[in-house]
Amino acid sequence: MLDAATPLILSPADNVAILTLRAPQGARPLGAGVALDHPVSPGHKLARTDIPVGGAIVKFGQIIGYATVPIAAGEHIHTHNCAFGAHDQAYEIGVDLEAARAAIPVLAPRTFLGYRRANGQVGTRNYIAVCATVNCSATVIRRAADQVMRSGILADYPNVDGVVAFAHGTGCGMAAEGVGFDNLQRVLWGHATHPNVGAAVFVGLGCEVMQVARMQQSYGTGAPQRFHGLTIQETGGTTRTIADIVARIHALLPEVNAVTREPVPASELKVALECGGSDGFSGITANPALGVASDMLVGLGGTAILAETPEIYGAEQLLLRRAVSPEVAQKLIERIRWWERYTEMNGGSMDNNPSPGNKQGGLTTILEKSLGAAAKGGSTPLADVVQYAEQVTTPGFVFMDTPGYDPVATTGQIAGGAQVVVFTTGRGSAFGSKPSPTIKVATNDRLYAQMPDDMDINCGDIVSKGVTLQEKGAEILDRILAVASGEKTKSEALGLGDNEFVPWQVGAVM
């Protein structure tokens, strides 16, 4: 049980302790060492021992940085005296695989109420999607969707969750092949054919690089009743296209509404694991609790999708140690190497992350942040590694290569098939997503009380009340199943999700 009044020591190997309460100037929270020369906020680190210049700073039993000046016992450790440095990349692939297999819990089967599609997919929501193939058609799809939503017609179709416009800022002025093109094509097709979408309308300008016909050729037409397409040029301009989209939606509504929820096994679920606005408690409360829920989902036969490659940097060895094969491990290593080249090419560093808000919350280096972020993935085997927005077909714990920017990462995970998103935050987030609902999890009591309209679950009681990670993980899993069955999340009640569709743009704008 964690004691809210005592700084936390997360591993016997750690030479730092974590404040759980604000410490005033002159205090000695560890009971020894130097007095603090300034107030220090909860989630920040204090030195347990004297640390020389260049000495390793250890948290979670792992190196998170190196001292840039001598640090005395009791002193605050942060960006003023701790810097990013090399981490261990002598990977030991698969050495923890048997322990990871043993970590898969054996659970009684569970179900949720989902929409079983004709192709076997299972949805947790039932949307009509209007997808722009190019920025030129973004306005018409937004206006058409807004017109339908404001009309009140959906009151006659209670099984339809809404009409959502997936608009973006690209689709032309780009190479017709390569990473950027492939990313966008997978995102658009993944959203249009998502299990949470009952029918989709693609809308293009007509002359753009991203052509609907090419997508159909690459991925197949799918169920014809769920897929429709038109262009502004062929339809006769903006006004006529908006009217045509609205008419098509009206025609689709009866058929999309004709589905009902039915009990389906939890093994049908794919859940996206996300974090944003992280703080010093993220890796202590919400993320490991979500990791427990992820393990339980895997034990039920479902799929947990971790993402954000720059935010596992420094912790990738923990995933590689439980990779199911050298081939799966090599996929992740290749993505790590790609990101190292990509950031160097753009004059950046992998330590550009954490953000200013992360640092205010107590996170000092990407190595520290990554150890906490990777905890969302639990302890079960790494079953597969997939490209951005690639369809996830392997059950179990899967990693998707994405940036660390939350809207871009989640857009990819949803395109890959995630029907529910769980998003942990310590600083606070106003994130939501469509067509897959987002459950928001607070890492601390203060945030949960401060943003009650946004937070669905509080993990601060792990510190303040001694709730165990196992208990909290079970609570998160219960909420996932309830939301999958139709319970609305806080972000859905607020109407969030229309502006968080952000495909990852890679490559030259031409």
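Trp339, at 5% relative accessibility, counts as buried, and in this predicted model Trp339 forms a stacked aromatic pair with Trp504, the ring centres lying 5.5 Å apart and the planes meeting at 10 degrees. That pair links distant parts of the chain, since Trp339 belongs to helix 9 while Trp504 sits in the segment after helix 16 (490-493), 165 residues apart. Trp504 is likewise buried, with a relative accessible area of 7%.

**Aromatic pairs around helix 9**

The structure holds nine aromatic pairs. Another of them joins Trp338 and Tyr342, whose ring centres are 4.5 Å apart and whose planes lie at 20 degrees, so this pair also counts as stacked. Trp338 and Tyr342 are four residues apart in helix 9 (residues 326-345), and therefore about one helical turn separates them. An α-helix has 3.6 residues a turn, so residues three or four places apart point the same way. Trp338 is buried at 15% relative accessible area, whereas Tyr342, with 22%, is partly exposed; the cut-off for burial is under 20%. Ring pairs link Trp338, Trp339, Tyr342, Tyr388 and Trp504 into a cluster.

**Salt bridges**

Helix 9 also contributes to the charged contacts, of which the structure has 21 that count as salt bridges. Three of them are set out below with their N to O distances.

| Pair | N to O distance |
|---|---|
| Arg150 and Asp146 | 2.9 Å |
| Arg335 and Glu334 | 2.8 Å |
| Arg335 and Asp401 | 2.8 Å |

Arg335 lies in helix 9 and Asp401 in the loop between strand 17 (396-400) and helix 12 (406-415), so their salt bridge ties together parts of the chain that are 66 residues apart in sequence. Asp401 is buried, with a relative accessible area of 1%, and Arg335 is buried as well, at 9%, while Glu334 counts as partly exposed at 32%. Through shared partners, salt bridges join Glu334, Arg335, Arg341 and Asp401 into one network.

The pair formed by Arg150 and Asp146 belongs to helix 2, where the two residues are four apart and are therefore separated by about one helical turn. Arg150 is exposed, with a relative accessible area of 69%, and Asp146 is partly exposed at 37%.

**Helix 2 and its surroundings**

Does the span of helix 2 agree or disagree with its number of residues? At 1.5 Å a residue, the 14 residues of helix 2 (residues 138-151) should span 20 Å, and because the C-alpha atoms at its ends are 20 Å apart, the two values agree. Helix 2 is followed by Gly152, which has a positive phi near 85 degrees.

The buried residues of helix 2 are Ala138, Val140, Ile141, Ala144, Ala145 and Val148, and what covers them includes strand 9 (127-132), strand 10 (162-166), strand 11 (197-204), helix 5 (232-235) and helix 6 (238-257). Ala145, one of these buried residues, has a relative accessibility of 4%. Leaving aside neighbours within four places in sequence, Ala145 is in contact with Val163 and Ala165. The C-alpha atoms of Ala145 and Val163 are separated by 5.7 Å, although the two residues are 18 apart along the chain.

On the side of helix 6, Thr241 lies in that helix and is buried, with a relative accessible area of 0%. Which residues does Thr241 touch, not counting those up to four places away in sequence? They are Val140, Val203, Leu230, Thr231, Ile232 and Thr235, and Val140 is among the buried residues of helix 2. The side chain of Thr241 also reaches the backbone oxygen of Gly237, at 2.6 Å.

**Cysteines**

A disulfide is a covalent bond between the sulfur atoms of two cysteines. The structure holds zero disulfides. Cys82 is in no disulfide, and the nearest cysteine sulfur, that of Cys275, is 19 Å away; Cys82 counts as buried at 5% relative accessibility. Why is Cys136 not bonded to Cys172? The sulfur of Cys136 is 6.4 Å from that of Cys172, its closest cysteine sulfur, which is too far for a bond, given a cut-off of 2.5 Å. Cys136 is partly exposed, with a relative accessible area of 45%.

Note on methods
Residues are numbered from 1 along each chain as its sequence is written. This is a predicted model: local features need pLDDT of at least 70, side-chain atom pairs count only at pLDDT 80 or more; totals for chains, interfaces and linings use all residues. Side-chain values use heavy atoms; hydrogens and water are left out. The expected span of a helix is 1.5 Å times one less than its number of residues. Buried means under 20% relative accessible area, exposed over 50%, partly exposed in between (1.4 Å probe, protein chains only). Contact means heavy atoms within 4.5 Å. A polar contact is a pair of N or O atoms within 3.5 Å; within protein, one must be able to donate a hydrogen and the other to accept it, and residues adjacent in sequence count only if both atoms are side-chain atoms. Rings of Phe, Tyr and Trp (its six-membered ring) pair if their centres lie within 6.5 Å; planes under 30 degrees apart count as stacked, over 60 as edge-to-face and the rest as tilted. A salt bridge is a side-chain nitrogen of Lys or Arg within 4 Å of a carboxyl oxygen of Asp or Glu.
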